[in-house]
Amino acid sequence: MKLIFLVSALSAFYCYGFQSTNLGTYKIYSESLRKKNHHINKIRSKKPQHAEPLSSGEVLSPEFYKSVYVREVAPNDGEQISDVRTTPWDNGGRPQPAIVRAYEDGKLRGRIVDAGCGEGENCIYLASKFGISSLVGFDFAEGAIVAARARVAHLLAARDGALRTVPEFHVGSCTDIARPGSPLLARDDGTEAAPFDASIDSGLLHCLSHADSEEYVRQMARLVKKSGRAFVGCFSTANPDPWQNPRRLSEDYLKGLFCTDNGWEVVDIQETWWSRPPARGSSQGAFCQALWMEARRL
Ligand SMILES: C[S@@+](CC[C@H](N)C(=O)[O-])C[C@H]1O[C@@H](n2cnc3c(N)ncnc32)[C@H](O)[C@@H]1O
């Protein structure tokens with residue numbers, strides 16, 4: 001009996017100690033960031049300053065992204081969402097804290113497009129808020145779009161008023177999403193989804209190659225209205241080795257991409273933390289060092 005008690009006490013101490021170390025590190029770092037108040041105002045750069053991405057991270061294939069959105073579905077109900085989660089970035093159905101802050105700061109209003117929306121957590125969060133008139137998410141992984149639409153269908157079926165706006169989701173690549181005939185430009189019923197007041201990107205840019213990143217930035221410039229905003233959350237070069245993927249991006253790299261030649265100027269970049277699944281088990285635990293960028297459409 002004594003032995004069982006001793007083992008339980010030791011394991012509880014181990015688990016708590018481990019978690020509080022992670023959270024402690026996070027809090028100390030957040031505080032130092034707050035004090036540092038690190039931001040960059042009105043940065044205009046004419047030409048991309050870095051031809052090569054500043055990162056040793058690996059670019060994964062489209063097949064990888066398309067294969068990870070596989071969920072167990074209940075028999076006889078293809079729309080049912082099970083609790084089996086498979087993506088490495090699954091955040092337990094919660095929106096990213098940076099998206100929540102941007103909304104609460106009044107920066108996300110009107111028509112919003114979510115690039116690389118995954119299963120739609122960020123769109124669904126925004127769809128529950130005042131001041132958002134329409135939401136469109138797109139992702140090139142069909143499984144992600146099926147899951148996002150199923151989530152919305154469940155919320156609508158619950159009739160609990162959780163959604164103030166009904167988000168729409170489309171399969172599409174960020175490298176040609178503004179092509180003529182894109183569902184983001186004109187819907188079948190003749191209405192238009194674009195132009196958007198703002199685009200959000202929660203972890204898409206750092207998945208792309210440099211060439212695709214350039215094309216993505218130009219495509220978004222065709223979807224967002226003049227003086228509209230692009231918000232990007234990506235893993236930063238502050239993350240230490242060992243590191244495999246995705247790419248870690250620097251402030252200069254972001255400034256080079258969102259430059260005047262591509263139709264943008266960076267107005268702010270903040271260091272932040274990105275929320276990750278606690279079970280992921282990395283050197284950064286449940287958080288990863290990230291950059292949160294705001295750019296203005298010229
Ligand atoms: C790290 S996940 C983030 C998903 C979601 N935004 C989130 O916060 O959970 C990156 C997403 O980008 C999508 N993606 C990658 N390359 C893409 C491309 N070229 N066009 C559209 N989506 C892409 C992937 O399928 C994946 O869903």
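**Group meeting: strand 7, the core and the ligand shell**

Eleven bridges tie strand 6 to strand 7, and the two run antiparallel. That is my starting point. Bear in mind that this is a predicted model.

Stay with that pair. V266 stands opposite A295 in strand 7. Now the other partner. Strand 5 also pairs with strand 7, again in the antiparallel sense, over seven bridges. On that side, C234 has L291 of strand 7 as its bridge partner.

How much of strand 7 is buried? Eight of its eleven residues are buried, and the strand is mostly covered.

Next, the core. The largest nonpolar core has 65 residues. Which residues have the most contacts inside it? They are I112, L254, F258 and M293. Strand 7, residues 287-297, gives the most to this core, with seven residues.

Look at M293. Leave aside its neighbours within four places in sequence. M293 is then in contact with F231, V232, L254, V266 and I269. Two of those names have come up already. L254 is among the residues with the most contacts inside the core. V266 is the residue opposite A295.

On to helix 3, residues 97-104. Its buried residues are A98, I99, A102 and Y103. Why do they line one face of the helix? Seen down the axis of helix 3, the buried residues fall within an arc of 140°, so one face carries them. The spacing has a general background. An α-helix has 3.6 residues a turn, so residues three or four places apart point the same way.

What covers that face? The cover for the buried residues of helix 3 includes helix 4 (121-127) and strand 4. It also includes strand 5, strand 6 (264-275) and strand 7. Just after helix 3 comes G106, with a positive phi of about 80°.

Now some backbone details. There are two cis peptide bonds to show you. One joins A194 and P195, with omega about 0°. P195 sits in the loop between strand 3 (168-171) and strand 4 (196-202). Another cis bond joins D241 and P242, also with omega about 0°. P242 is in the loop between strand 5 (224-235) and helix 7 (251-257).

Positive phi next, in residues that are not glycine. R159 has a phi of about 50°. Find R159 in the loop between helix 5 (142-158) and strand 3. Is R159 buried or exposed? It has 7 other C-beta atoms within 10 Å, so R159 is exposed. Exposed here means 12 or fewer such atoms.

S227 also has a positive phi, near 70°. S227 lies in strand 5. Again, run the count. S227 has 9 C-beta neighbours inside 10 Å, so S227 counts as exposed too.

Last stop, the ligand. How many residues are around the ligand? There are 19 residues around it. Which come nearest? Y65, G116, G118, S202 and G203 do. By class, the shell has nine nonpolar, eight polar and two charged residues.

To recap. Strand 7 pairs with strand 6 over eleven bridges and with strand 5 over seven. Strand 7 also gives the most to the largest nonpolar core. Helix 3 has its buried residues along one face, and strand 7 is part of what covers them.

Note on methods:
Residues are numbered from 1 along each chain as its sequence is written. This is a predicted model: local features need pLDDT of at least 70, side-chain atom pairs count only at pLDDT 80 or more; totals for chains, interfaces and linings use all residues. A residue is near a molecule or strand if its C-beta atom, placed from the backbone, lies within 6 Å of it. Ala, Val, Leu, Ile, Met, Phe, Trp, Tyr, Cys and Pro count as nonpolar, Asp, Glu, Lys and Arg as charged, and the others, Gly among them, as polar. A nonpolar core is a set of buried Ala, Val, Leu, Ile, Met, Phe, Trp, Tyr and Cys residues joined through C-beta atoms within 7 Å. A residue is buried if 20 or more other C-beta atoms lie within 10 Å of its own, exposed if 12 or fewer, and partly exposed in between; C-beta atoms are placed from the backbone. Helices (H or I, at least four residues) and strands (E, at least two) are DSSP runs, numbered from the N terminus. Two residues are in contact if their C-beta atoms, placed from the backbone, lie within 7 Å. The arc is that of the directions from the helix axis to the C-beta atoms. Two strands pair if DSSP finds at least two bridges between them.
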